[in-house]
Amino acid sequence: MLVILVFYLFYLFLKKDQSLLELKAKYEHLKKNEDRQLEFVQQREDYEAMMVHELRSPLSVIRGSADLIKKESEKLSLQQKDSLLTQIFDSCTFLLNIVNDILDVSKIESGRFEIKKSTGNLNSVLQQCVDYYTPLAQERDIKINTEFDTSMADFKFDQDAIMHVMGNLLSNAIKFNKNKGAISVISKNKNDGYAQISVSDTGFGIPDDMKMRLFNKFVQVDNNKKVSQKGTGLGLVIAKGIVESHSGKIWIENNSPEGAVFKFTIPIKDD
Amino acid sequence: MPKKILIVEDDLAFYNLCSTELKLRGYNTVHVPNGDIAVSRIREEKPNLILLDIILPGINGLDILKELKEAEETSDIAVIMLTNFGTDENISKAVELGADDYLMKYNLVPSELPEKLAPYLGEQSESGVTLTG
């Protein structure tokens with residue numbers, strides 16, 4: 001009888017231990033989910049704060065310029081008035097671009113984003129982008145080098161959309177670079193039916209755990225320098241959408257010895 | 001001698017707004033577009049007041065504020081944060097670090113700027129009340 005009782009108590013002990021283990025596993029699973037949700041909420045809040053900042057900045061300039069023209073009209077020279085009107089125009093264009101980015105992301109997320117392919121020269125599109133961004137890079141003594149594969153014939157791609165991708169990658173490479181840094185833009189015919197374009201910088205790089213998440217909405221590189229970086233964070237979401245609409249791929253690698261390399265591919269062959 | 005206001009602001013358009021208004025009211029303005037060079041320029045220029053943005057290329061405005069308030073040479077200069085990044089966390093941090101005021105760009109039009117700065121420049125405000133910094 002005593003033996004049966006001992007076995008029964010031992011069975012209850014094991015069962016209790018097993019239940020505790022199950023409870024612990026359930027707790028850890030819930031805790032992990034909660035951590036993920038909190039992280040997402042934090043990312044969303046940071047994103048919203050940055051988006052509000054990006055919208056308020058051009059609005060502040062528009063409102064302020066209009067205030068000056070209205071209240072100080074007699075004291076302002078013609079040149080000053082012209083400069084204020086230019087600021088209003090430029091800020092409106094900047095705001096319009098943000099609105100277009102928001103709409104593009106919405107179309108990408110709902111699968112309604114369409115590309116319009118036409119025959120063009122990839123290297124000349126890349127060169128146009130480099131020329132456009134060179135003055136901005138020069139403001140911080142950043143040099144943009146190019147290495148284009150001239151063996152690529154013209155092929156069909158959405159030239160405006162690829163310019164948009166390159167614009168986003170180059171503006172990031174300037175923004176996240178150090179003063180007197182360098183940027184390399186390289187095109188290559190991979191001889192597997194795809195062209196590969198890479199944009200490398202000499203900035204502070206991207207942590208491994210951020211590499212794929214950066215292409216998601218609400219995510220920007222933190223690196224404890226969050227408050228120093230501007231931008232809506234939509235650029236890479238749009239870049240990924242455009243590249244994937246071409247049936248290409250986009251990813252990030254480490255640059256050596258410092259910085260990051262953004263690479264993407266687009267098919268050379270016609271559909 | 002006109003009072004000197006140093007503006008740490010990477011948005012050239014917004015700097016132009018502040019500078020145009022302040023120059024019309026007889027102040028001198030100095031532009032610093034990058035956080036990395038802000039503290040050294042402030043030491044050189046010895047302004048009467050600093051307008052300081054938070055989100056800047058290089059060192060951010062809160063770190064600049066900390067450095068200014070910790071150094072004996074610059075701790076007495078009035079610093080007014082002028083930003084569109086108005087999270088509660090940033091406002092509390094700026095106040096804690098010794099910012100004299102925290103103004104939101106989107107809430108401010110240039111014609112209001114001299115009135116807002118007058119108390120920190122030891123001047124009489126346009127409403128006629130004598131204010132001291």
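## Polar contacts across the domain interface

In this predicted model, the rule finds zero residue pairs in polar contact across the interface of domain 1 of chain A and domain 2 of chain A, counting pairs with both residues at pLDDT 80 or more. The count of salt bridges between domain 1 of chain A and domain 2 of chain A is likewise zero.

## What domain 1 brings to the interface

Which elements give two or more residues to the side of domain 1 of chain A that touches domain 2 of chain A? They are helix H1 (2-71) and helix H2 (78-110) of chain A. H1(A) gives the most to this side, with 10 residues.

By residue class, the side of domain 1 of chain A that touches domain 2 of chain A divides into nine nonpolar, two polar and seven charged residues. So you will find charged residues here, while the salt-bridge count between the two domains is zero.

## Layout and buried area

Let's step back to the domains themselves. The domain assignment of chain A gives domain 1 as 1-113 and domain 2 as 118-267. The C-alpha centres of these two domains of chain A lie 24 Å apart. Contact between them involves 18 residues of domain 1 of chain A and 17 residues of domain 2 of chain A.

Together, domain 1 of chain A and domain 2 of chain A bury about 1,600 Å² between them, with 67% of that on carbon and sulfur atoms. If you would like specific residues to look at, Tyr47(A), Met50(A) and Val105(A) are those of domain 1 of chain A that lose the most area to domain 2 of chain A, together 32% of what that side buries.

Conventions: Residues numbered from 1 in each chain as written. Chains lettered and ligands numbered in written order. Predicted model: local features only at pLDDT ≥ 70, side-chain atom pairs only at ≥ 80, totals over all residues. Heavy atoms only, no water. Domains from an automatic or database assignment. Contact = heavy atoms within 4.5 Å. Buried area = accessible area lost by both parts, 1.4 Å probe. Salt bridge = Lys/Arg side-chain N within 4 Å of Asp/Glu carboxyl O. Polar contact = N/O pair within 3.5 Å; in protein donor to acceptor, adjacent residues only side chain to side chain. Helix = DSSP H or I, 4+ residues; strand = E, 2+ residues; numbered from the N terminus.
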